[in-house]
Amino acid sequence: MSVTPPILFITFNRPHTTQKVFEAVRQARPRKLYVSNDAPRKGNVEDEAKSVAVRSIVQQVDWLCEVKYLFHDENLGCSLGPRAAFDWFFSFEEEGIILEDDCLPDQSFFPYCAELLERYRNDSRIISISGCNLGYRLSSKDSYSFSKFMNMWGWATWKRSAMKIDYTLTEWKTERKPVFSLYQRLSQNAFDFDIGWFKYWKHKFDLTVSKKIITWWDWQWIYHQTRDKQYSIVPSVNLVKNLGFGENATHTKDEHNPAAQIEIFCISVPLTHPLKVRNDVSYEETYVKWVWCYHKRVRVSRLIVNRLKRALNL
């Protein structure tokens, strides 16, 4: 039986989902657990009460475990908070699992991460190990495939990856031909002219370098991943469910998003490893684009329908 790698558990003000994810961590019984909790937003009474509840939950460690807590005194937000947690975690560990308080894993997620962290520890082609696969079912008998796009809803990585991320995207600020640059990074072949997809990421990266206050950190990881032509591992079945969809969420507000409906499954270990490291085009084209561009595609579909209705006088 594999030993559960060190876990970084990032929390804020959601005691209900925190309790569910903490129970999954308790079942996995890691020998090392790091818990980061962001402080309540200034003057937010509801945050203060929920913060007390969350901090109570994560201190209920009743198994043999070395625990460290990072309880912030001031609110850092959903960009600086996780980034501070990563720096803190990797100041102690060379590798580990990262779970946020709304990412509920199947128990097989933990040995899956343990095996792959060891297997690809010194392989610089691999930037991370994803637990969520957006509902994809791999057709081969392999336990996982690879993608140019990482997913952070339950994942694992190494210090070697985390320490290379420039969250300010200084390099992007001086990019003279951004769309062409993204074509070179993201196109599946020489005849892939999905300009909308390239512009989608241009918009993300432009926002990252232009905003004085930002609310994300994951786009920066994907920027470096695509720049350095690295891959993320994608499990053959979905291992982590995002519980955070809803109107109170920061980013995942739409409960109708296809990613809100996916369930979690168990993966068999030991794993069956692919013979080659190459990106899974089917996953990227069918699932990644659809889920991440869901709102844009829905707006376009509605626009087309409305125009047809007007044209037909309906």
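**Close-up 1. Tyr112 and its aromatic partner in helix α4.** Tyr112 has a relative accessible area of 0% and is therefore buried, in what is a predicted model. Phe109 also counts as buried, because its relative accessibility is 0%. The rings of Phe109 and Tyr112 form a tilted aromatic pair, with 6.5 Å from centre to centre and 35° between the planes. Both residues belong to helix α4 (residues 109-119), where a spacing of 3 residues separates them by about one helical turn. An α-helix has 3.6 residues a turn, so residues three or four places apart point the same way.

**Close-up 2. The aromatic pair of Phe22 and Trp63.** Aromatic pairs in the model number 33. In the pair shown here, the ring centres of Phe22 and Trp63 are 6.1 Å apart and the planes meet at 45°, so the pair is tilted. Phe22 comes from helix α1 (residues 15-28), whereas Trp63 sits in the loop between α2 (45-58) and β3 (66-71). The pair therefore ties together parts that lie 41 residues apart in sequence. Phe22 and Trp63 are buried.

**Close-up 3. An aromatic cluster that includes Trp197 and Tyr200.** One cluster is formed by Phe149, Trp172, Trp197, Tyr200, Trp201, Phe205 and Tyr223. Among its members are the tryptophans Trp172, Trp197 and Trp201.

**Close-up 4. Arginine charges over aromatic rings, at Phe265 and at Trp158.** Arg137 places its charged end over the ring of Phe265, at 4.8 Å from the ring centre. Arg160 lies over the face of Trp158, and here the distance to the ring centre is 4.2 Å.

**Close-up 5. A nonpolar surface patch made by Phe191, Phe193 and Ile195.** The patch covers about 380 Å². Ile195, one of the contributing residues, is located in helix α8 (residues 195-210). Ile195 counts as partly exposed because its relative accessibility is 37%, a value between the limits of 20% for buried and 50% for exposed.

**Close-up 6. Buried residues of helix α7 and the helices they pack against.** Helix α7 spans residues 178-186, and its buried residues are Pro178, Ser181, Leu182, Tyr183, Arg185 and Leu186. An arginine, Arg185, is thus listed among the buried residues of α7. The buried residues of α7 pack against α6 (170-173), α8 and α9 (218-227). Of these partners, helix α8 (residues 195-210) also holds Ile195, one of the residues of the nonpolar patch in the preceding view.

Notes. Residues numbered from 1 in each chain as written. Predicted model: local features only at pLDDT ≥ 70, side-chain atom pairs only at ≥ 80, totals over all residues. Heavy atoms only, no water. Phe/Tyr/Trp six-rings, centres within 6.5 Å; stacked < 30°, edge-to-face > 60°. Helix = DSSP H or I, 4+ residues; strand = E, 2+ residues; numbered from the N terminus. Buried < 20%, exposed > 50% of the residue type's maximum accessible area, 1.4 Å probe, protein only. Lys NZ or Arg CZ within 6 Å of the ring centre and 35° of its normal. Patch = residues over 30% accessible without salt bridge, like charges linked within 9 Å, V, L, I, M, F, W, Y side chains within 5 Å. Areas by Shrake-Rupley, 256 points an atom, 1.4 Å probe, with all protein chains shown as cover. Salt bridge = Lys/Arg side-chain N within 4 Å of Asp/Glu carboxyl O. Contact = heavy atoms within 4.5 Å.
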